[in-house]
Amino acid sequence: MTEQDVIWTIALSGIAIVSLVFIWILLGAGKSDDEAGRSRASAATRRIQTGLFAVLLLGFVFGTWATLHNFPIPRQDTALQADQVVDVTARMWSWTMQPASTEAGKTVEFRVTSADVNHGFALYAPDGHIVIQTQAMPEYTNKVLYRFDVPGTYTVQCLEYCGIGHAPMKTTFVVAAAKGE
Ligand SMILES: [Cu+2]
């Protein structure tokens, strides 16, 4: 199951649960016309609302933590412990990367900026998976860290529409096999 399928399954199950509870409440509504029954029903509804809210809140907090605690965007205002720095400049419609290669096992700090308009810096692994991305913005330098475990030819692609030459705005980043240890 891909990540997308897992997210879909969770989302659809959540929608199904909420819908079932809603239908159950609707079916129960109007049954009791005595005062005591009504207040019992509204107390039950409140308990369900509170419970659902708590479950959703915990779900969102956990989901946010689980998906973001490994986020590759480091603190931008401190020196980073990278093995190598790569300066990346985007412009309409090309990339400059200095240097444009590293070695497997190294952690690389990409310092990404733009010489003209906003661009999106995205790095794709040889198997086509996106591994990191950040904005390339004029007058700002955005840092992103990545440890390269898999050697091969990575592809850099612009992810922010920047004019007629946007789609072919690509370059490559080569990760050599680690030198024999
Ligand atoms: Cu672009």
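These legends accompany a set of close-up views of a predicted model.

**View 1. Two domains with well-separated centres are assigned in this protein.** Domain 1 covers residues 3-68, and domain 2 runs over 84-176. Taken over C-alpha atoms, their centres are 43 Å apart. One pair of residues gives a feel for the distance: Val6 and Asp87 are separated by 81 residues in sequence, and their C-alpha atoms by 36 Å in space.

**View 2. A copper ion sits among four protein donor atoms.** Here we meet Cys158 and Cys162, each giving its SG atom, together with the O atom of Glu160 and ND1 of His166. These donors lie 1.9 to 2.4 Å from the copper ion. The angles among the four donor atoms are 89 to 123 degrees, and the site is tetrahedral. Along the chain, the donor residues follow the spacing C-x1-E-x1-C-x3-H. Two of the donor residues can be compared by their exposure: Glu160 is partly exposed, because its relative accessibility is 29%, while His166, at 14%, counts as buried because the limit for that class is under 20%.

**View 3. His119 is a buried residue of strand β5 with contacts to copper donors.** His119 lies in β5 and has a relative accessible area of 0%, so it counts as buried. Leaving aside residues up to four places away in sequence, its contacts include three donor residues of the copper ion, namely Cys158, Glu160 and Cys162. Others among its contacts are Ala90, Arg91, Met92, Trp95, Ser114 and Met169. His119 also touches Gln135 and Ala136, and Ala136 in β6 is the residue it stands opposite.

**View 4. Five strands make an open, mixed sheet.** Follow the strands across in the order β3-β9-β8-β5-β6. The edges belong to β3 (101-103) and β6 (130-136); each has a single partner strand, so one side of each has no neighbour in the sheet. On average, neighbouring strands are turned by 20 degrees against each other, direction ignored. At one edge, β3 pairs with β9 (residues 170-176) in the parallel sense over three bridges, and Glu103 has Ala176 of β9 as its bridge partner. Next, β9 and β8 (residues 152-158) run antiparallel and are joined by six bridges; look for Tyr154 opposite Phe173 of β9. At the other edge, β5 (residues 119-124) and β6 are also antiparallel, with six bridges between them.

**View 5. A second open sheet is built from four strands.** Its order is β2-β1-β4-β7, and its pairing is mixed. Strands β2 (94-98) and β7 (142-147) stand at the edges; because each has a single partner strand, one side of each is left without a neighbour in the sheet. Neighbouring strands here are turned by 25 degrees against each other on average, direction ignored. Five bridges hold the antiparallel pair of β1 and β2 in register, and one spot to look for is Thr89, whose bridge partner in β2 is Thr96.

**View 6. Asp87 is a partly exposed residue of strand β1.** Asp87 belongs to β1, which spans residues 84-91. Its relative accessible area is 39%, so Asp87 falls in the partly exposed class. Beyond residues up to four places away in sequence, Asp87 touches Thr96, Met97, Gln98 and Arg111.

**View 7. Three loops carry backbone details that deserve a careful look.** Most residues other than glycine have a negative phi, and most peptide bonds are trans. With that in mind, start at the loop between β1 and β2, the place of Trp93. The peptide bond joining Met92 and Trp93 is cis, with omega at about 0 degrees. Move on to the loop between β2 and β3, where Pro99 is found. Gln98 and Pro99 are likewise joined by a cis peptide bond, with omega about -10 degrees. Finish at Glu139, in the loop between β6 and β7. Glu139 has a positive phi, near 70 degrees, and is a residue other than glycine. Glu139 is also exposed, because its relative accessible area is 80%.

Notes: Residues are numbered from 1 along each chain as its sequence is written. This is a predicted model: local features need pLDDT of at least 70, side-chain atom pairs count only at pLDDT 80 or more; totals for chains, interfaces and linings use all residues. Side-chain values use heavy atoms; hydrogens and water are left out. Domain bounds come from an automatic or database domain assignment. Donors are N, O and S atoms within 2.8 Å of the metal (3.2 Å for Na, K and Ca); water is not among the atoms, so sites may look incomplete. Four donors count as tetrahedral if all angles lie between 85 and 135 degrees; four count as square planar and six as octahedral if opposite donors are over 155 degrees apart and all others between 65 and 115; anything else is irregular. Buried means under 20% relative accessible area, exposed over 50%, partly exposed in between (1.4 Å probe, protein chains only). Helices (H or I, at least four residues) and strands (E, at least two) are DSSP runs, numbered from the N terminus. Contact means heavy atoms within 4.5 Å. Two strands pair if DSSP finds at least two bridges between them. Axes are lines fitted to C-alpha atoms, for helices over the stretch in contact, and angles run from 0 to 180 degrees between N-to-C directions.
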